[in-house]
Amino acid sequence: DQNLNELERFDIRCRLLSHVVPAPGALRVTGVTPSMLTDPTLPSHFVAMRQIHEKLREWSAAVFLGYNSISFDENLLRQAFYQTLQPIYLTNTGGNARGDLMRIVHAASVYAPNVLAIPINENGRRTFRLDGLAPANGFAHADAHEAISDVEATIHLSRLIKDYAPEVWDTMISLARKQGVVRFMEDHEVFAYSTVSGNRSNTWVVTGCGVNPDYDAENATFDLSFPPEEYFGLTVEELADAMGRKTTAFHTFRANGQPILMPRELAEGAIPETGLSPEELERRAALIHGDLEFRKRVGLALASRRAQPEPTPY
């Protein structure tokens, strides 16, 4: 429920699809044996996926939360639904939303850094892997990579963030819906945007400045430490070039991918010093929001940078 109390549990394993050769590396990581993959008492992949779809539909409307799920599990689930002739977008349609606890953990590491212990790997780098993060924060992760154990670890970490960084939790859950991201940007003309990867995290004070007209989930933001007046006269091609530079005023994200956005008042400790007053940041954001043509050109620049796939001959 909303307070992360468990209401019901569902766990299923199926036989391996007959055309799939199991990867030895995956068997070693998960502890699954070849005999488990061909157990005749298990349901087929088709039957299991039908049961999974029915259970998730029964639980709707809900926020479907996993760990690194937007990059991995969601794609796998959609492909499996497609292969078994079912609607593939169950987790983000019909009132449902899809979140990713890894994104929320990243947000907590930036905006509430004392809430979670982030382990260091043998290379001296922070690691956000679930099998290291959960034990480092008090979860006995004996069966790491077993689906139900990973779910329990995900719930454990969720509770820590919800209890000790509730504003970060609430903000990130609201961003699990594309409409929530759009609403956030409407409500906050100046806000913080962060990316996290291992030891590297970046946070910028930004404002929304354009949407790809061909793919409206792709949004551009403008780093307000740059003077926007220097960009207003640029053409679409020049803006696209500026987006590709190593040091750039533009940062992009997908509104349907739970980006790490935070209201400025919750991000004070994480925002790098710009030397600009709040009034100047707001003035720059107002200039951008008042220039509709500039924002249209930024959107067209986004579209021009998105590679178009070759049409299939079939």
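**Strand E5 and the setting of Asn219**

In this predicted model, a polar atom of the side chain of Asn219 lies 3.1 Å from the backbone oxygen of Ala217. Asn219 belongs to strand E5, and its relative accessible area is 6%, a value under the 20% limit, so Asn219 is counted as buried. Leaving aside residues up to four places away in sequence, Asn219 touches Met185, Gly210, Val211, His251, Thr252, Phe253, Ala255 and Leu302.

The burial of Asn219 is shared by its strand, for six of the six residues of E5, which spans residues 218-223, are buried, and the strand is therefore largely enclosed by the rest of the structure. In a regular strand the side chains alternate between the two faces of the sheet. For E5, both faces are covered, since Glu218, Ala220 and Phe222 are buried on one side, while Asn219, Thr221 and Asp223 are buried on the other.

Strand E5 has pairing partners in strands E4 and E6. With E4, which comprises residues 200-211, E5 pairs in the antiparallel sense over five bridges, and the two strands form a hairpin in which six residues lie between them. Within this part of the structure, Gly210 has Ala220 of E5 as its bridge partner, and Gly210 is also among the residues that Asn219 touches. With E6, formed by residues 250-254, E5 likewise pairs in the antiparallel sense over five bridges, and here Phe222 stands opposite Phe250 in E6.

Technical notes. Residues numbered from 1 in each chain as written. Predicted model: local features only at pLDDT ≥ 70, side-chain atom pairs only at ≥ 80, totals over all residues. Heavy atoms only, no water. Buried < 20%, exposed > 50% of the residue type's maximum accessible area, 1.4 Å probe, protein only. Helix = DSSP H or I, 4+ residues; strand = E, 2+ residues; numbered from the N terminus. Pairing = 2+ DSSP bridges. Polar contact = N/O pair within 3.5 Å; in protein donor to acceptor, adjacent residues only side chain to side chain. Contact = heavy atoms within 4.5 Å.
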